[in-house]
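Visitor: I'd like a close look at one part, the largest pocket. How do the residues of its lining divide into nonpolar, polar and charged?

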Amino acid sequence: MSMQLYGSTISPFVRKVAVFAEEKGIALDLIPTAPGDASPAFRAISPFGQIPALVDGDFSLADSSAIVTYLEAKYPEPALIPAEAQARGRTIWFDELADTIVFGAGRAMLFNRVVGPLFRGGVGDAAVADAAERDQWPGILAYLDAQVGGRDFLVGDTLTLADIAVASAFASTLHACAPVDAAVYPDLARYLAAILARPAFATRVAGERAFIERARARVVK
Ligand SMILES: N[C@@H](CCC(=O)N[C@@H](CS)C(=O)NCC(=O)O)C(=O)O
């Protein structure tokens, strides 16, 4: 029986798990769940109401990084979290960076430009989003542009959790109209375009975009 993933892939954390599983050939059923869902059934698997949460038979787990660690241990091939010490350490660094620093700025843009205005009754402070894009975003983009350099992957020469986590954070900010300027950050722009073109990302992100555009059409009607 396949596992169930609770959440919405507009969330970078949920998308990270969904893409990670697909790249490993693991089937997950996505159970649409809003962030903060207060139902007792959801709180039983995600005690603080955050998405994602995973159910695998009688086992459940919340938090994207915990879930990908579980999936990697249960389905080791293809390896997406390297075994070698430095490579593993750097992979977890980029996963953490994506979840905290990158999506810390991204959250301000996504929530104030998309989630609040379209899905939470019109709340959202555009000035907060603009300040994050102006003050926090350039340093993040410059750092990642230098880390990518002329390479195709952040760690080693194959896809890892590092690429999935970073690209997933960017996929969410791209929904929030924060493009990566290829004239200023050429390596990062090239790298992200290639990672986001992988089918596991491309099909999901296209579906999310269509969902957001349908919500926008309803709100502006
Ligand atoms: N560290 C967590 C973060 C998950 C998270 O922040 N999810 C957000 C949605 S993007 C959420 O569910 N927020 C609702 C809440 O905190 O009530 C992970 O990696 O899964």
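Guide: The lining of the largest pocket splits into 18 nonpolar, twelve polar and five charged residues (Ala, Val, Leu, Ile, Met, Phe, Trp, Tyr, Cys and Pro count as nonpolar, Asp, Glu, Lys and Arg as charged, the others, Gly among them, as polar). Bear in mind that this is a predicted model, where local features need pLDDT of at least 70 and side-chain atom pairs count only at pLDDT 80 or more, while totals for chains, interfaces and linings use all residues. Residues are numbered from 1 along each chain as its sequence is written, and side-chain values use heavy atoms, with hydrogens and water left out.

That makes 35 lining residues, and Ser8, Ser11, Thr33, Pro35 and Ile51 are the ones nearest the centre of the pocket. A pocket here is an open set of points on a 1 Å grid over the protein atoms alone, where a 1.4 Å probe fits, with protein on both sides within 12 Å along at least five of seven lines; a lining residue has an atom within 4 Å of a point. The volume comes to about 790 Å³, counted as the space filled by probe spheres set on the points.

Who supplies the lining? Helix H1 (12-24), strand S2 (28-32), helix H3 (64-74), H4 and helix H9 (199-220) give two or more residues each (helices are DSSP runs of H or I of at least four residues, strands E runs of at least two, numbered from the N terminus). H4 chips in the most, with seven. Domain 1 (3-74) and domain 2 (85-220) both contribute to the lining, so the pocket lies between them; the bounds come from an automatic or database domain assignment. The centres of the two domains, taken over C-alpha atoms, are 19 Å apart, and 16 residues of domain 1 are in contact with 24 of domain 2 (contact means heavy atoms within 4.5 Å).

For a concrete bit of that meeting, look at Pro12 in helix H1. Leaving aside neighbours within four places in sequence, Pro12 is in contact with Phe103, Ser168, Ala169 and Ser172. With 5% relative accessibility, Pro12 is buried (under 20% relative accessible area is buried, over 50% exposed, in between partly exposed, with a 1.4 Å probe and protein chains only). Now flip to Ser172, in helix H7 (residues 161-175). Its relative accessible area is 0%, so Ser172 is buried too. With the same neighbours left out, Ser172 is in contact with Ile10, Ser11, Pro12, Arg15, Phe103 and Leu110. Ser11 turns up here and also close to the pocket centre.

Back to Ile51, another of the residues nearest that centre. A cis peptide bond joins Ile51 to Pro52, with omega about 10°, and Pro52 is in the loop between helix H2 (40-45) and strand S3 (53-56). Glu77 and Pro78 share another cis bond, omega about -15°, with Pro78 in the loop between H3 and H4. Lys24 of helix H1 has contacts there: beyond four places in sequence, its partners include Tyr75, Pro76, Glu77 and Pro78. Lys24 is buried, at 9% relative accessible area.

The domains meet in the nonpolar core as well. The largest core has 70 residues, and Leu71, Trp137, Leu144, Phe170 and Leu188 have the most contacts inside it (a core is a set of buried Ala, Val, Leu, Ile, Met, Phe, Trp, Tyr and Cys residues joined through side-chain atoms within 4.5 Å). Helix H4 (residues 85-119) gives the largest share, 13 residues. Both domains give residues to this core, so it lies between them. Leu144, for one, is in contact with Phe94, Leu97, Val102, Val166, Phe170 and Leu188, not counting neighbours within four places.

Last stop, Asp63, in the loop between S4 and H3. Its phi is near 85°, a positive value in a residue other than glycine, and Asp63 is partly exposed at 42%. Pro12 and Asp63 are 51 residues apart in sequence, with 12 Å between their C-alpha atoms.
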